[in-house]
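Thanks for coming. I will go through one structure today, starting at the metal and working outwards.

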Amino acid sequence: MNSPLVWAHRGASGYAPENTIEAFQLAADMGADGVELDVQLTRDGQIVVCHDETIDRTSDGAGWLKDYTLDELKNMNFDNGNKAYEGAEIPTMQEVFDVLRDTGLVINIELKTGIIFYPGLEEAIVELTKANHFEDRVIYSSFNHYSVMKIKELDPQAKTGFLYADGTIDMPGYAKDHGVDALHPALYNIQFPDFMKQCREKEIDVNVWTVNDGKYLKMCQDAGVHAVITNYPKKALELFGRK
Ligand code: G3P
Ligand code: MG
């Protein structure tokens with residue numbers, strides 16, 4: 001049976017602190033096909049990789065990420081409470097391109113523009129991806145579909161996907177109408193009537209998050225999804241018979 005691609009969610013975040021260089025390197029070492037990560041802008045306009053809009057959960061700092069400069073954030077500890085990784089830093093997007101450059105991994109860049117819109121983030125990330133010659137290895141996604149459309153406007157060749165969580169009717173048609181390449185549904189959505197069939201007919205890739213449990217990894221494989229986004233790439237690769 002075909003294996004879905006395995007994309008490490010926030011890097012290999014089941015094993016190392018999420019969204020750190022260590023987690024991305026580990027994903028590559030484990031043989032993942034790609035990584036998913038979240039981008040935001042610092043106060044001084046630098047693209048950094050971090051999931052929450054606030055830094056309280058993942059660092060020893062507190063408050064809104066947008067209120068700190070890159071230098072200030074770099075002086076904080078982003079080990080997410082994992083003492084084996086004490087001193088882990090918040091990475092810039094440039095640092096992630098650098099660490100993955102010589103691997104074959106793709107990068108699913110999620111624009112974190114749901115609460116704070118970060119004006120200029122779309123322009124900055126498209127420019128940085130181009131400067132690094134990663135256009136063919138990046139797929140952009142966001143829960144903010146205006147952000148995804150902005151990416152397409154800036155780079156019509158860019159690969160894009162709509163992230164969503166809730167049970168919306170006719171997402172395949174919506175994706176096709178807006179010209180995106182993929183849907184990124186929360187796991188349970190793939191069970192909706194004819195969902196996978198319609199995506200196949202409309203040639204929309206299905207990249208599912210966040211699939212950690214063996215039972216659901218298997219369900220995704222049986223359904224024929226394009227990629228699973230998982231915290232446990234090693235486990236997924238083993239289950240799909242690739243390790
Ligand atoms: O991109 C997949 C997944 O990361 C979306 O949700 O909240 O983990 O960024 P979240
Ligand atoms: Mg994400």
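Is glutamate 36 buried or exposed? With a relative accessible area of 3%, glutamate 36 is buried. Please keep in mind that this is a predicted model, and that goes for every value I quote.

Glutamate 36 belongs to the metal site. The magnesium ion, ligand 2, takes its protein donors from Glu36 through OE, Asp38 through OD and Glu110 through OE, at 2.0 to 2.2 Å. How are these donor residues spaced in sequence? The pattern reads E-x1-D-x71-E. Aspartate 38 is also a buried residue, at 1% relative accessibility. Both values fall under the 20% that marks a residue as buried.

Next, ligand 1. Which residues are around ligand 1? They are His9, Arg10, Glu36, Asp38, His51, Glu110, Lys112, Phe143, Leu163 and Trp209. The magnesium donors Glu36, Asp38 and Glu110 are therefore found in the surroundings of ligand 1 as well. Three polar contacts to oxygen atoms of ligand 1 can be listed here. The side chain of arginine 10 places an N or O atom 2.8 Å from an oxygen of ligand 1. For glutamate 36, a polar side-chain atom is 2.7 Å from a ligand 1 oxygen. For histidine 51, the distance between a side-chain N or O atom and an oxygen of ligand 1 is 2.6 Å.

Two residues from that list, Phe143 and Trp209, bring me to the aromatic rings. How many aromatic pairs does the structure hold? There are four, and I will describe two of them.

One is tyrosine 15 with tyrosine 232: the ring centres are 5.5 Å apart and the planes stand at 80°, so this pair is edge-to-face. Tyrosine 15 is in the loop between strand E1 (5-9) and helix H1 (21-30), while tyrosine 232 is in the loop between strand E9 (227-230) and helix H9 (233-239). The pair therefore ties together parts that are 217 residues apart in sequence. Tyrosine 15 is partly exposed at 29% relative accessibility, and tyrosine 232 is partly exposed at 29%.

Another is phenylalanine 143 with tryptophan 209. Why does this pair count as edge-to-face? The planes of the two rings are at 85°, with the centres 5.5 Å apart, and an angle over 60 degrees is classed as edge-to-face. Phenylalanine 143 comes from the loop between strand E5 (138-142) and helix H5 (145-154), and tryptophan 209 from the loop between strand E8 (205-208) and helix H8 (214-223), so parts 66 residues apart in sequence are tied together. Phenylalanine 143 is partly exposed, at 39% relative accessibility.

Going back to tyrosine 232 for a moment, what sits over its ring? The charged end of lysine 235 does, 5.6 Å from the ring centre.

Now the E5 to H5 loop again. Asparagine 144 is in this loop and is buried, at 13% relative accessibility. Its side chain has a polar atom 3.0 Å from the backbone oxygen of threonine 113. A polar atom of the asparagine 144 side chain is also 3.0 Å from the backbone nitrogen of tyrosine 146. Setting aside residues up to four places away in sequence, asparagine 144 touches Thr113 and Phe117.

A further loop residue is aspartate 181, between helix H6 (171-178) and strand E7 (182-185). Aspartate 181 is partly exposed at 27% relative accessibility. Which residues does aspartate 181 contact, leaving aside neighbours within four places in sequence? They are Ala158, Lys159, Thr160, Glu203, Ile204 and Asp205. With Thr160 there is a polar contact: the backbone nitrogen of threonine 160 is 2.9 Å from a polar side-chain atom of aspartate 181.

Last, two backbone angles. Histidine 133 has phi near 55°, a positive value in a residue other than glycine. Histidine 133 is in the loop between helix H4 (121-131) and E5, and is exposed at 65% relative accessibility. Aspartate 194 has a positive phi too, near 65°, and again the residue is not glycine. Aspartate 194 is in the loop between E7 and helix H7 (195-201), partly exposed with a relative accessible area of 46%.

That is the end of my part.

Note on methods: Residues are numbered from 1 along each chain as its sequence is written. Chains are lettered from A and ligands numbered from 1 in the order in which they are written. This is a predicted model: local features need pLDDT of at least 70, side-chain atom pairs count only at pLDDT 80 or more; totals for chains, interfaces and linings use all residues. Side-chain values use heavy atoms; hydrogens and water are left out. Donors are N, O and S atoms within 2.8 Å of the metal (3.2 Å for Na, K and Ca); water is not among the atoms, so sites may look incomplete. Buried means under 20% relative accessible area, exposed over 50%, partly exposed in between (1.4 Å probe, protein chains only). Rings of Phe, Tyr and Trp (its six-membered ring) pair if their centres lie within 6.5 Å; planes under 30 degrees apart count as stacked, over 60 as edge-to-face and the rest as tilted. Helices (H or I, at least four residues) and strands (E, at least two) are DSSP runs, numbered from the N terminus. A charge sits over a ring if NZ of Lys or CZ of Arg is within 6 Å of the ring centre and within 35 degrees of the ring normal. A polar contact is a pair of N or O atoms within 3.5 Å; within protein, one must be able to donate a hydrogen and the other to accept it, and residues adjacent in sequence count only if both atoms are side-chain atoms. Contact means heavy atoms within 4.5 Å. A residue is near a molecule or strand if one of its heavy atoms lies within 4 Å of it.
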